[in-house]
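Here is a short tour for anyone who likes to have the structure open while reading. Take a look first, and then we will go through it together.

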There are 2 protein chains.
Amino acid sequence: MKPAELTLAISTELPAMRRSERKVAEFVLSRPAEVIRMRIVDLAEQAQVSEPTVIRFCRAVGCKGFLDFKLILAQQLAASPSYGQIAITDTDSLAECTSKVFDSTVDTLLNVRDHLDLHRLDEAVKALCAANRVEFYGFGASAAVAFDAQHRFFRLQLATAAYSDPHLQNMSATSLSPGDVVVAFSQSGRTKAILDSIDLVKSNGAAVIALAPSKSPVATAATIPINIDVEEDSQIYTPLSSRIAHLAVIDVLAIGVAQQKGPELQEHLRQLQANLNSLRVK
Amino acid sequence: MKPAELTLAISTELPAMRRSERKVAEFVLSRPAEVIRMRIVDLAEQAQVSEPTVIRFCRAVGCKGFLDFKLILAQQLAASPSYGQIAITDTDSLAECTSKVFDSTVDTLLNVRDHLDLHRLDEAVKALCAANRVEFYGFGASAAVAFDAQHRFFRLQLATAAYSDPHLQNMSATSLSPGDVVVAFSQSGRTKAILDSIDLVKSNGAAVIALAPSKSPVATAATIPINIDVEEDSQIYTPLSSRIAHLAVIDVLAIGVAQQKGPELQEHLRQLQANLNSLRVK
DNA sequence: CTTTATGTGCAAATTAATTACAATCAGGTT
DNA sequence: AACCTGATTGTAATTAATTTGCACATAAAG
């Protein structure tokens, strides 16, 4: 039994459970944070069942015993602290907002981490290393991501550019050659303008790495799609975690490229760091 | 005792510990993942001490007992799976890099979350709501953060702008009035140019919210400093998590402002969403 | 209305964690 | 160098918690 799947397992097994075990399951799902601090007697009392029933419940969801169950639940809670309560409401205090924003961002990151296709990442790193020019395209919230990525790769001695203007994208795309790489960012995966740019890039023989939801038009159009699926809450008060996931993936790619480039690049980075210090006080 | 600080507490207390407690501490720090599955007898045996010593150790680090200790450790591990092994090396595989980047980013976020000054955040939200104009300043990696923030707040019907050019910053700053707000981003907290801009903004009577390390010149100069302390690894292959922390804080501020503005803003956001869809396929 | 299978709780037994106390060790003093 | 004192550690007893075995209850089927 792995931590990430406990609450899921409970929900799955729930219909197949006996009446009193179900009482336990429902109680655990409703107040998981309290359960991890409870003894078996407390939980039995609160769920209105006997202690052995609690144990049978633990076994039913794939744990060795009650302690094992608590431990796994605790881990799952820590990993997804916001389980079942991410949505931000009008009445949340700023403190609640803060933890929800951070927790859901963390949730998103862990989720993306566990679903990344490493093989694709590897392809992407190789393509980036081999490229003469690397360009970053994005609109809206993804424009900032593209500029960040440009800054990140620019430090790696690559010829980089970032465009969030469709005209500039098209003009620049036209001048790309085979071997060059474009990284396209799209949270929706269905922005028309970015699809146009992608087509143009491909018709010039350059590769397109796309960070977009799987099976989206952008992912389908890309040469090397890197799928990033984030439950985009349709809520109004959404923390827009997907752009942060994109940034993290950019970090991975940048570090991958830096490794491949080897020691002379590292010397260059040290130099950069040193020069930056002259722009700072003290 | 909060989960996020257990290993820290162990490290802190370590020099003040007795010899045999230290044995336990070192063992726990070296193989935390195994400890959470151990019984007290196992841990005592492996650390070459007696069982009561283990308990004394647990108490010394602020836990109620051994079970409490294991529970908290399990939570910390789940939340920061990468404890003690974040540094990325030349020889790491891409898979290792990936988990290290994500895990250290998660670490950073949780750490920042636990050290945010909510009172300052509240002040910042109030200042932003009251402002006629809001501008975002940043250089280098923080430039992308500033543009992202501009995009985020622009949607909230505020008059916003973002500048990463010191001349533009200065010109714009000169035209600000009391009640207006500038949000300054600085990862180092010691960039000369941003300090110049901050001074200019203040001399025009506008407020400066700064996201920067505590006690840094930028934080000191700000009207409302929001301290963000990230262990900036001096490593070459650094994931630069601080910019992601800045983004998360921006999310909190943006949601705070959205809440204050109330329902007519929500209608506006819905409208925006609907219009965006016309730029998308399918 | 009985029978049987299944589910549930009580109480005993087992296992683990904690406390009390005694032995030991280190450092300082005569 | 021997002794004392206080802190530190381990042994053994205690207490608390979990788990198991078994008997009772309950519901469905004959």
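Which of the 16 residues around DNA strand C come nearest? They are S20(A), P52(A), R39(B), I40(B) and R59(B). Please keep in mind as you read that this is a predicted model.

## Around DNA strand C

Let us stay with this strand for a moment. Of the atoms of DNA strand C that come within 4 Å of the protein, sugar and phosphate account for 73%. Two of the polar contacts go to phosphate oxygens: a polar side-chain atom of S20(A) lies 2.7 Å from one, and an N or O atom in the side chain of R39(B) is 2.3 Å from one. A base is reached as well, since R56(A) has a side-chain N or O atom 3.2 Å from a base nitrogen of DNA strand C.

If you would like to color the elements involved, pick α2 (19-30) and α5 of chain A, then α5 and α6 (66-79) of chain B; each of them supplies at least two residues of the surface near DNA strand C. Sorted by class, that surface holds seven nonpolar, four polar and five charged residues.

## Around DNA strand D

Now turn to the other strand. DNA strand D is surrounded by 16 residues, and the closest are R39(A), I40(A), R59(A), R18(B) and S20(B). Here, too, you can ask which part of the DNA comes within 4 Å of the protein: sugar and phosphate make up 73% of those atoms of DNA strand D.

Three polar contacts are worth finding on screen. A polar backbone atom of I40(A) sits 2.9 Å from a phosphate oxygen of DNA strand D. In chain B, the side chain of T53(B) has an N or O atom 3.0 Å from a phosphate oxygen of this strand, while S20(B) places a polar side-chain atom 2.7 Å from a sugar or linking oxygen. The elements that give two or more residues to the surface near DNA strand D are α5 (51-60) and α6 (66-79) of chain A, along with α2 (19-30) and α5 (51-60) of chain B. By class, this surface divides into seven nonpolar, four polar and five charged residues.

## The fold of chain A

Next, zoom out to a whole chain. Chain A contains 14 helices and five strands, and 54% of its 282 residues are buried. Looking at contacts in chain A between residues at least 6 apart in sequence, you will find that 68% of them join residues at least 24 apart.

One piece of this fold is easy to trace by eye. Strand β1 (residues 133-137) of chain A pairs with strand β2 (residues 159-163) of chain A in the parallel sense, over five bridges. Within that pairing, F136(A) has A162(A) as its bridge partner in β2(A). To get from β1(A) to β2(A), the chain passes through helix α9 (residues 141-154) of chain A, and the resulting β-α-β crossover is right-handed.

## A buried arginine that reaches chain B

Buried or exposed: which describes R243(A)? With a relative accessible area of 1%, R243(A) is under the 20% cut-off and therefore counts as buried. This arginine belongs to helix α13 (residues 241-261) of chain A.

Its side chain joins that of D148(B) through a polar contact of 2.8 Å. Leaving aside residues up to four places away in sequence, R243(A) touches V145(A) and Q187(A) in its own chain, and D148(B), R152(B), L247(B) and D251(B) in chain B.

## A few loop residues to look up

Three loop positions round off the tour. A16(A) lies in the loop between α1 (6-13) and α2 of chain A; its relative accessibility is 65%, so A16(A) counts as exposed. Although A16(A) and A60(A) are 44 residues apart in sequence, their C-alpha atoms are 9.6 Å apart in space.

The other two have positive phi values without being glycine. K215(A) has a phi near 65° and sits in the loop between β4 (207-212) and α12 (217-221) of chain A; at 79% relative accessibility, K215(A) is exposed. For Q157(B), phi is about 60°, and the residue falls in the loop between α9 (141-154) and β2 (159-163) of chain B. Its relative accessibility of 45% makes Q157(B) partly exposed.

Notes
Residues numbered from 1 in each chain as written. Chains lettered and ligands numbered in written order. Predicted model: local features only at pLDDT ≥ 70, side-chain atom pairs only at ≥ 80, totals over all residues. Heavy atoms only, no water. Near = heavy atom within 4 Å. Polar contact = N/O pair within 3.5 Å; in protein donor to acceptor, adjacent residues only side chain to side chain. Helix = DSSP H or I, 4+ residues; strand = E, 2+ residues; numbered from the N terminus. Nonpolar A, V, L, I, M, F, W, Y, C, P; charged D, E, K, R; others polar. Pairing = 2+ DSSP bridges. Right-handed = clockwise from strand over helix to strand, strands pointing away. Buried < 20%, exposed > 50% of the residue type's maximum accessible area, 1.4 Å probe, protein only. Contact = heavy atoms within 4.5 Å.
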